[in-house]
Structures are given as structure tokens and as C-alpha cells.
Amino acid sequence: MTALKITLLVLIVLTSLLLTLTVLMHKGKGGGISDMFGGGISSTAGSSGVAERNLNRITLGILIVWVVCIVAYGLMQKWVF
């Protein structure tokens, strides 16, 4: 069981980092915190609709893996001492 716990923890850390990076890669909608990190600069270069949709899909996929790992790890902590 410890190998499974270690694997889940590694997956949680990796997916957390990837999720953070993919969320920060999204185009800012204007105003708010996104302007603080350079999102206020309106650059249309490389901001395709297809690229944004693919980034949304990747972010959602990483989010699903992250949630499944969190729930599985929580259940393992509850049932296995």
C-alpha cells in the first residue's frame, strides 16, 4: 500500500504544478489579477481560438486526474491506517 500512496502523492504534486501552469497560460479576460502578471497587454499573436480550446481541454483533463488522485488518496487515508 505504501507504493500506491507514494505514487498518488507524486501524481498529486505533478498534476498540481501542471494545473497551475495551464491556468496561468490562459488568456486573461481583462482586469483583476491577470493584469498584474502581464495579462493586460493585448497581444493577438498566438491567441487562436483553437489553441485556447485545446488549452481548455488539457486543463480539464489535468483537473480530472488531480481530483481523482485527491479522492483516492483521501479514501486510502480513511480506510488504511
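Me: Which residues are buried in α1?
Reply: Keep in mind that this is a predicted model. Buried here means under 20% relative accessible area. In α1, the residues that are buried are Lys5, Leu8, Ile12, Thr15, Leu19 and Thr22.

Me: What covers the buried residues of α1?
Reply: Let's look at it from the other helix. α3 has its own buried residues, namely Leu55, Thr59, Ile62, Cys69 and Met76, and these pack against α1. Going back the other way, what covers the buried residues of α1 includes α3.

Me: How far apart are the end C-alpha atoms of helix α1?
Reply: Helix α1 covers residues 2-25, which is 24 residues. At 1.5 Å a residue they should span 34 Å. The model agrees with that, as the end C-alpha atoms are 35 Å apart.

Me: And how far does α3 reach from its first C-alpha to its last?
Reply: α3 has 31 residues, and 45 Å is expected at 1.5 Å a residue. The model comes close to that: from first C-alpha to last, α3 reaches 45 Å.

Me: Is Ile64 buried, partly exposed or exposed?
Reply: Ile64 sits in helix α3 (residues 49-79). It belongs to a nonpolar surface patch with Leu60, Leu63, Val67, Val68, Val71, Leu75 and Trp79. Exposed means over 50% and buried means under 20%. The relative accessible area of Ile64 is 49%, so Ile64 is partly exposed.

Me: Which residues does the UniProt annotation "transmembrane region" cover?
Reply: The annotation comes from an unreviewed UniProt entry and has two spans. In the model, one span is 95% helix, with its end C-alpha atoms 31 Å apart, and the other is 100% helix, with its ends 27 Å apart. In that order, they are residues 6-26 and 58-76.

Conventions:
Residues are numbered from 1 along each chain as its sequence is written. This is a predicted model: local features need pLDDT of at least 70, side-chain atom pairs count only at pLDDT 80 or more; totals for chains, interfaces and linings use all residues. Side-chain values use heavy atoms; hydrogens and water are left out. UniProt positions are given in the numbering used here, feature names are shortened, and annotations may be inferred rather than shown by experiment. Helices (H or I, at least four residues) and strands (E, at least two) are DSSP runs, numbered from the N terminus. Patches are made of residues with over 30% relative accessible area and no salt bridge: like charges are joined within 9 Å, nonpolar side chains (Val, Leu, Ile, Met, Phe, Trp, Tyr) within 5 Å. Accessible areas come from the Shrake-Rupley method with a 1.4 Å probe; for residues, only the protein chains shown count as cover. A salt bridge is a side-chain nitrogen of Lys or Arg within 4 Å of a carboxyl oxygen of Asp or Glu. Buried means under 20% relative accessible area, exposed over 50%, partly exposed in between (1.4 Å probe, protein chains only). The expected span of a helix is 1.5 Å times one less than its number of residues. Contact means heavy atoms within 4.5 Å.
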